[in-house]
Amino acid sequence: MTSVEAFPMIVIPSERGILFASAAACGVFQLASAAADATFMSKTFYITTPIYYVNARPHIGHAYTTIACDVIARRQRMLGVDTYFLTGTDEHGQKIERAAQAAGKTPQQLTDEVSAEFRALWDRMGITYDDYIRTTSERHKRGVQALFRKLRDSGYIYKGTYTGQYCVFDELYVDAIGAGAPCPECGRPTETVHEENYFFKLSEFQDKLIHLYTTQPGFIRPETRRNEVLSFVKSGLRDLSISRSTFSWGIPVPDDPKHVIYVWLDALANYITALGWSSNDTTLYDKFWPANVHMIGKEIVRFHCVYWPAFLMAAGLPLPKSIVAHGWLLFEESKMSKSRGNIVRAETILDVLGADALRYFLLREVVFGQDGSFSFDALVQRYNADLANGLGNLASRTLTMITRYFKGEVPYPSASSSLTADDLAVADAARKAVADYGAYFDQFQFSRALESAWTLVATVDKYIVENEPWTLGEKQDEESRSRLATVLYTSAEALRIVVALVHSVIPDSTARIWAQLGLGDVKTFSLSELQWGQLQLGTRLGNVEAVFPRADKSTIERMQKMEEVDRGAAAVSVAAPATPAVGEPVKPVASDGKITIDDFAKVELRVGLVKVAERVPKADKLLRLEVDLGTEVCQILAGIAESYEPEALVGRKVVIVANLAPRKLRGLESNGMIVAASPEGGKAILAGFLEDVPVGTRLK
Ligand code: ME8
């Protein structure tokens, strides 16, 4: 095989270091110069996802962050950079403890199950993580305790008393006043916490943090998030409580095991404990820390951009180079989230269209940094337009014609002297695509990077249509054969360039097209050497077959149905817990004595919010509750005083039988019944919800 010389060999600009200006838009990534940015300028590259909570199963919001990291990690590896990619699960804290309780499991059982579910999904999607950290692992616990000691020994921790509101959903101390006051972040009722705690001297880091944000503008991206954090820190920082003592599902404070370490200190430390910081083997830490990119969703910016750098500064450790916050995936107009119940599972899309379709859609459709809506219609439309009709069609027609007209061998193009303006324009478009793609990519502007690759696809399509290789193929004269060879060579070479560029985004399908081009394993290709004209003449094509079959209308309905069935199954398991109420034994039902749906409908089960809870004098087992049902507040007497402290119930959402006839207990009227499980010989466990649900909602 000879390398092509017919096209003038112009050295293309390096993929990195191209000056580049982009439109300023809210939440969109923008830096004046990729060259000035340290994020991609190291010999090694370390990228992390958030570690996901295990109180509910994964959805495409989690997949979005994980895919973005995977795409970057794969590209770094293709550029020859020694890369480490970390993901994992966040398994401690009150939220997980309660979720386990509600599911009738131990926290360890729940975390084992859900963590495995996340990992299995990433494996199924071909996510190329190098390590999967779980915060319940011994290596992590040891590292967190070492960090706590280090902060304490450096004089940044003291003991005090915290009285105030805590949002269990966000695991966040908040400035709100009064029991049940709404959390300023998520609007859910907060709980009053009065505890002796360890405090971290966050207030001492205000000036240092402001200095960090102003001297390293790339530390927080995009710009809008940096500005938000800057004004938050400028408004003043208070010391932060970093331990809890009213529950036990966490890592014990060294030398004071009555306390567990605040879940965010525990979780953030994963980024260094996974690398073996402070362990016997710090090879990975020495090689990869500081991280190049912590990728996160915008709702956890404060933890990553304020608390985390402050902890690291206090411990005398280097800071990550960049924290990159993307926007939210919305579904049915609001943030896709387990608590709202409006999630879409990745599995549905994987089953029907495959992982590449999901990866491409999320990065192409959503402007990274901004919120973006997900819909099955848009997914299928993009898939058909860009993958089936775009790249897929370009590949199949180019490769099929080479097979038909040149017996499956890449043909010789004409000598450079006889290249037409059309031929040269395609080569120029390819060079531009390589340069633009790299520059946009390094700015985290994935949708624009992909747009520039697809501009090349469109250019080649137009070139093929205008040069009609199928007409040339009918002729046998030398001139037509030579022209046909040039057109097909040019098309195949442009195809090769697109495939190499977008391999990290759609790895499976591009690996197949690469093999069909007769180029072997795309993983071994070095992206930093990508140039026009490298396709070797005489390369024998592999087996040519369609990579993206067209999706018809029924595909949308199929996916919607799959999600409906799944949601229905989840709803049934919530609505039918078959849990007898405490102190209200359910009459035994004969095994053949099934009830009808109408019988069940007579019981009005509603979501209630406990506003007041107190002991009933001289009644050891009874609590008096005032429960908000949305339309009224009712008084309920519940036999759960041996299972719950009254303070722990205020602000909690419970299931109430709302249409029970009133009755008197200890002289007090009880209007309704609270639903709980009563395991044999154990304490009562209140029925609850993993997702947030509005007060008053009927269970049916
Ligand atoms: O916050 N759109 O875990 P988490 C986009 N354990 N991204 C979304 C999303 C959506 N609708 N929903 C979730 C935690 N994500 C902590 C993190 S890190 C030390 C501890 C993604 O399970 C996004 O990355 O609530 C978001 O930040 C993360 O999942 C939150 O996951």
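In the predicted model, helix α10 is mostly covered, with 13 of its 15 residues buried. The helix comprises residues 301-315 and reaches 21 Å from its first C-alpha to its last, close to the 21 Å expected at 1.5 Å a residue. Its course includes a kink of about 25° at Tyr307, shortly before the proline Pro309. Just after α10, a positive phi of about 70° is found at Gly316.

Helix α10 forms part of a right-handed β-α-β unit, in which it is joined by β13 and β14. Strand β13 (residues 293-297) is mostly covered as well, five of its five residues being buried. In a regular strand, side chains alternate between the two faces of the sheet. In β13 both faces are covered: Val293, Met295 and Gly297 are buried on one side, and His294 and Ile296 are buried on the other.

Strand β13 has pairing partners that include β1 and β14. With β1 (residues 44-48), the pairing is parallel and extends over two bridges; here Thr48 stands opposite His294 of β13. With β14 (residues 323-326), β13 also runs parallel, and four bridges join the two strands. Across this pairing, Ile296 of β13 faces Ala325 in β14.

A further element of the model is an open sheet of three strands, arranged in the order β16-β15-β17 with mixed pairing. Its edge strands are β16 (334-335) and β17 (372-373), each of which pairs on one side only. Strand β15 (residues 329-331) pairs with β16 in the antiparallel sense over two bridges, and Leu330 stands opposite Lys335 in β16.

The surroundings of the ligand draw on several of these regions. There are 26 residues around the ligand, of which Ile51, Thr65, Asp90, Glu299 and Leu329 come nearest. Leu329 belongs to β15, whose residues are 329-331, and a backbone N or O atom of Leu329 lies 2.8 Å from a nitrogen atom of the ligand. A polar backbone atom of Met336 is likewise 2.8 Å from a nitrogen atom of the ligand. Gly297, one of the buried residues of β13, places a backbone N or O atom 2.9 Å from an oxygen atom of the ligand.

Note on methods:
Residues numbered from 1 in each chain as written. Predicted model: local features only at pLDDT ≥ 70, side-chain atom pairs only at ≥ 80, totals over all residues. Heavy atoms only, no water. Expected span 1.5 Å × (residues − 1). Bend = angle between axes of the 7 residues up to and from the residue. Buried < 20%, exposed > 50% of the residue type's maximum accessible area, 1.4 Å probe, protein only. Pairing = 2+ DSSP bridges. Right-handed = clockwise from strand over helix to strand, strands pointing away. Near = heavy atom within 4 Å. Polar contact = N/O pair within 3.5 Å; in protein donor to acceptor, adjacent residues only side chain to side chain.
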